[in-house]
Every structure is written in C-alpha cells, then in structure tokens.
Amino acid sequence: KGIEANDSVRIGGGNITVTSDNDSIHSDGDVYIQDGVLELASGDDGIHADLNNYILGGTINITKSYEAIEGTTITISGGNITAVSSDDGLNASFSKDSNDSQDGRRMNEFETDGDALITISGGTIYLDCEGDGVDSNGNIIMTGGEVYVAGPMSSGNGALDYNGSFKITGGTLLAVGSNGMAMNVSEAEQGSIMISFSGSYSGEIKVTDSNGNEVLSYTINKSFSSITVSSPDLKKGETYTISIGDTYQTVTLDDYIYGSGNGMGGGMMRGGGWH
C-alpha cells in the first residue's frame, strides 16, 4: 500500500504521487481529504476506507485502479476528481464486520446494506469504469455537484447501481453505459431522464429544450447503449431532445423521472424513438 493507517488518513494539502501494487491510500478507519493534489495509480483501490471516505476538496487524479474510491460511506462535498477503474468507480459496500471477505470486500453484492451510503453535495467527478460507475449496496443521495460517468458496456454492470434508493435534489448527473443493467434515480426533485437502445453510440451527447437552448452537453469517447441525465434545468411538463451526433430522441417530462430501469436487464428500451 502507498499511504496506510489503522485509524485515519487526513490530507490537508501538498502534492502527493503514489504508484502502488495495493491501495494507494488505505485506512482501516476513515479517510479525510480536504485539499492538495493527488496523483494515484493503484493495483487495487485508489482510495479505500473500511469505514468513511470524506472528500471535501483538492484535485484527485486516479489513473489506474481496481475500484477508484471505496468505503462503507463516501461523502463528496468538493474537489475535482478524475478516476479510471477496471471495476467500480465509487463503491459504498459492506463494513468490515459484516459478512465480508478477508480484505473487507462484500460477499453478496445483491444484499442491501443500510450502512452503505454515497452522498454527493459538491465537486466535479469524472469516472471511466469497466464495472459499475456509482455503486452503493445501500443508498445514494445527490444534492449538488457534477457527476459524469463513462460506464461499462458489459451487461452485467451499469453506470449507476444501488440496492436501496437514489434520491437526487440538485446537481448535474450524466451517466452512460450498458443497457442490460441500466438504472435511473428512484426519487427526484428535478428532471431525470433515462433512455436505452439497441446498438451503441459514442461522441457528444447534447440535451436541448423545446426552444433549442442547450441544457447540457458532454462528449463520451466510449461506446454506450444507455443514458441517464438529471439537471435542475430539466423541468416537469417540458419537452427535451437528447441527441448523439445526428441521432436524436424527443422526451416529454410528464413527471420528474422518465424511464426507470430496474437494474436487472430491464431498462426502458426506447430504440424505436431514435431518429
């Protein structure tokens, strides 16, 4: 491991570069990152806390990892995070004293853990994952910040994955990945749209309102077959166009949530709506 502690790791500044076979930053208790510039390349987790992971600020660049950021809880209120992972990007999983394996990883990923929680209230997060993008064995709460997920094409994983609930009341979310495990949020106080389709696309995703005004745009240089997008600018009762290059689909938000994939191979297959 790179930086390791039994109780807690606290980083308040500085320039830190770690290349490690195991976790780049590891705590048997909590991790607190308030500031600093972190460049991490790990053969296992980029940042791992057996208990709670708190990221309040700083710049974190995880160029290689199995799972980028893992803990029983992950709380992100600020900072700029860019992460690449061969499995999950953000993973809130069982605490070490539950039915886990020796290294603290969950034994049953389909069982709901009431302690597992991801909370995002600020910051900008970019995740490029081959496993699940934002994954909680319990719940996810998003009240602010920006989250962009370039998720997996494997149908066994999804850009979003939660066993409890995902409530969004603020912030910008754009998550793309496979259609087999595609999920939308479960509760929303702003517009949230999930669409999935046969085949795959890549390139610029653009969301515009009925007047042609741009709500959101982002380029994904990776194949995907589902899109989940949420923004305070997506209003109930309004009509929006989601386009990928010259291909587009029009959606009317009759409710805050449009398209509720169940995460078990049954997203809203809307392939016929593309033009």
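Seven aromatic pairs are present in the structure, where rings of Phe, Tyr and Trp (its six-membered ring) pair if their centres lie within 6.5 Å, and planes under 30 degrees apart count as stacked, over 60 as edge-to-face and the rest as tilted. One of these is the stacked pair of Tyr-148 and Tyr-218, and another is the edge-to-face pair of Phe-197 and Tyr-201.

This is a predicted model, in which local features need pLDDT of at least 70 and side-chain atom pairs count only at pLDDT 80 or more, whereas totals for chains, interfaces and linings use all residues. Residues are numbered from 1 along each chain as its sequence is written, and side-chain values use heavy atoms, with hydrogens and water left out.

A pair of aromatic rings is described by the distance of the centres and the angle of the planes.

| Pair | Arrangement | Centre to centre | Between the planes |
|---|---|---|---|
| Tyr-148 and Tyr-218 | stacked | 4.6 Å | 25° |
| Phe-197 and Tyr-201 | edge-to-face | 5.1 Å | 80° |

The pair of Tyr-148 and Tyr-218 links distant parts of the chain, 70 residues apart, with Tyr-148 in strand S16 (residues 146-150) and Tyr-218 in strand S22 (residues 214-231); strands (E, at least two residues) are DSSP runs, numbered from the N terminus. Tyr-148 is buried at a relative accessible area of 9%, while Tyr-218 is partly exposed at 26%, given that buried means under 20% relative accessible area, exposed over 50% and partly exposed in between (1.4 Å probe, protein chains only). Together with Tyr-126, Tyr-148 and Tyr-218 make up one aromatic cluster. In the edge-to-face pair, Phe-197 is buried at 1% relative accessibility, and Tyr-201 is partly exposed at 25%.

Charged side chains also meet rings, a charge sitting over a ring if NZ of Lys or CZ of Arg is within 6 Å of the ring centre and within 35 degrees of the ring normal. The charged end of Arg-10 is placed over the ring of Tyr-32, 4.0 Å from its centre, and Lys-236 lies over the face of Tyr-256 at 4.7 Å from the ring centre.

Asp-88, in the loop between strand S10 (80-85) and strand S11 (90-92), is buried with a relative accessible area of 1%, and its side chain reaches the backbone nitrogen of Asp-132 at 2.9 Å.

The protein chain has a mean pLDDT (the predictor's confidence in each residue, from 0 to 100) of 89, and 87% of its residues reach 70 or more. Over residues 97-108, however, the pLDDT is below 50, and over residues 264-272 it stays under 50. Where pLDDT is low, the predicted coordinates should not be read in detail.

Conventions. Helix = DSSP H or I, 4+ residues; strand = E, 2+ residues; numbered from the N terminus. Polar contact = N/O pair within 3.5 Å; in protein donor to acceptor, adjacent residues only side chain to side chain. Contact = heavy atoms within 4.5 Å.
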